[in-house]
Amino acid sequence: MRLCLDACVLYPTVLRDCLMGLAQAGQMTPLWSDRILEEWARAAERNLGPEGGMIARGEIALLRANFPAAVIEADSEIEARLYLPDRADIHVLATAITGKAEAILTFNLRDFPRAELAGHDIVALHPDSYLCDIWAQEPDLVAKICAGVLARMNDLREAPSNLRKMLKRARLPKLAKRLAD
């Protein structure tokens, strides 16, 4: 599945790492634009200061190296014809259309109304629902990816965390419940 990733699913780290694990396993093809990546960097800088922005830009460079075909530049003519309730999200839909995405992965489902996307054969998916759907098909793969993300997060922190807590903090409560059962 070709997924256009909104900036809100690239930042924070846990969700991005889970998604990139799925991409590396061939479960999905990620798509984004330079503008989406810049939104992520600006959000990190806004929330974490200049150092956070620099870290985000370093992580963006790694994503570009690992997924060079993921960068899609939205067709400006397509973008000019689109309507969404939040005009700031039009570039995300234009990126999805240009990149022939099947879906936009976002926490902001209200910003991508079904009727507006349907004419382009695109749907908006919530990351928790999407990851639960993948888990239903490939539970061992999703569990392995999430365990790897947890191990990396625990290496970065002094106080260890558990999988359920990590996923809930990443706004993935349904996936947390499935993996904890």
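Me: What makes Leu5 and Thr95 count as residues that Trp32 touches?

Reply: In this predicted model, a contact is called when heavy atoms lie within 4.5 Å. Leaving out residues up to four places away in sequence, Trp32 touches Leu5, Leu10, Met20, Leu37, Leu63, Phe67, Ala70, Val71, Ile72 and Thr95, so each of these pairs has heavy atoms within 4.5 Å.

Me: Where does Trp32 stand in the largest nonpolar core, and how many residues does that core have?

Reply: The core has 61 residues, and Trp32 is listed with Leu5 and Leu19 as those with the most contacts inside it. Helix 2, residues 13–24, gives the largest share of this core, with seven residues. In soluble globular proteins, nonpolar side chains tend to be buried together.

Me: Why is Leu15 called buried?

Reply: Leu15, whose place is in helix 2, has 0% relative accessibility, and because buried means under 20% relative accessible area, Leu15 counts as buried. Leaving aside neighbours within four places in sequence, Leu15 is in contact with Val9, Phe107, Pro127, Leu131 and Leu172. Of these partners, Leu131 is 116 residues from Leu15 in sequence, while the C-alpha atoms of the two are 9.7 Å apart in space.

Me: What makes helix 6 "mostly covered"?

Reply: The description rests on a count, since eight of the nine residues in helix 6 (residues 90–98) are buried, namely Ile90, His91, Val92, Leu93, Ala94, Thr95, Ala96 and Ile97. Each of them therefore has a relative accessible area under 20%. What covers these buried residues includes strand 1 (2–5), helix 3 (34–48), helix 5 (76–81), strand 3 (103–105) and helix 7 (114–118). Helix 6 is followed by Lys100, whose phi is positive, near 55°.

Me: How do you know that the protein is as compact as a globular protein of its length?

Reply: The protein has 11 helices and four strands. Its radius of gyration is 16 Å, close to the 16 Å that the globule rule gives for 181 residues, so the protein is as compact as a globular protein of that length. Its C-alpha atoms fill a box of roughly 50 × 40 × 30 Å along the principal axes, and 44% of the 181 residues count as buried.

Me: What share of the contacts with a separation of 6 or more comes from residues 24 or more positions apart?

Reply: Such residues account for 61% of those contacts in the protein, and the pair Leu15 and Leu131, which are in contact, is separated by 116 residues in sequence.

Methods:
Residues numbered from 1 in each chain as written. Predicted model: local features only at pLDDT ≥ 70, side-chain atom pairs only at ≥ 80, totals over all residues. Heavy atoms only, no water. Helix = DSSP H or I, 4+ residues; strand = E, 2+ residues; numbered from the N terminus. Rg over C-alpha atoms; globule rule 2.2 N^0.38 Å. Buried < 20%, exposed > 50% of the residue type's maximum accessible area, 1.4 Å probe, protein only. Core = buried A, V, L, I, M, F, W, Y, C linked by side-chain atoms within 4.5 Å.
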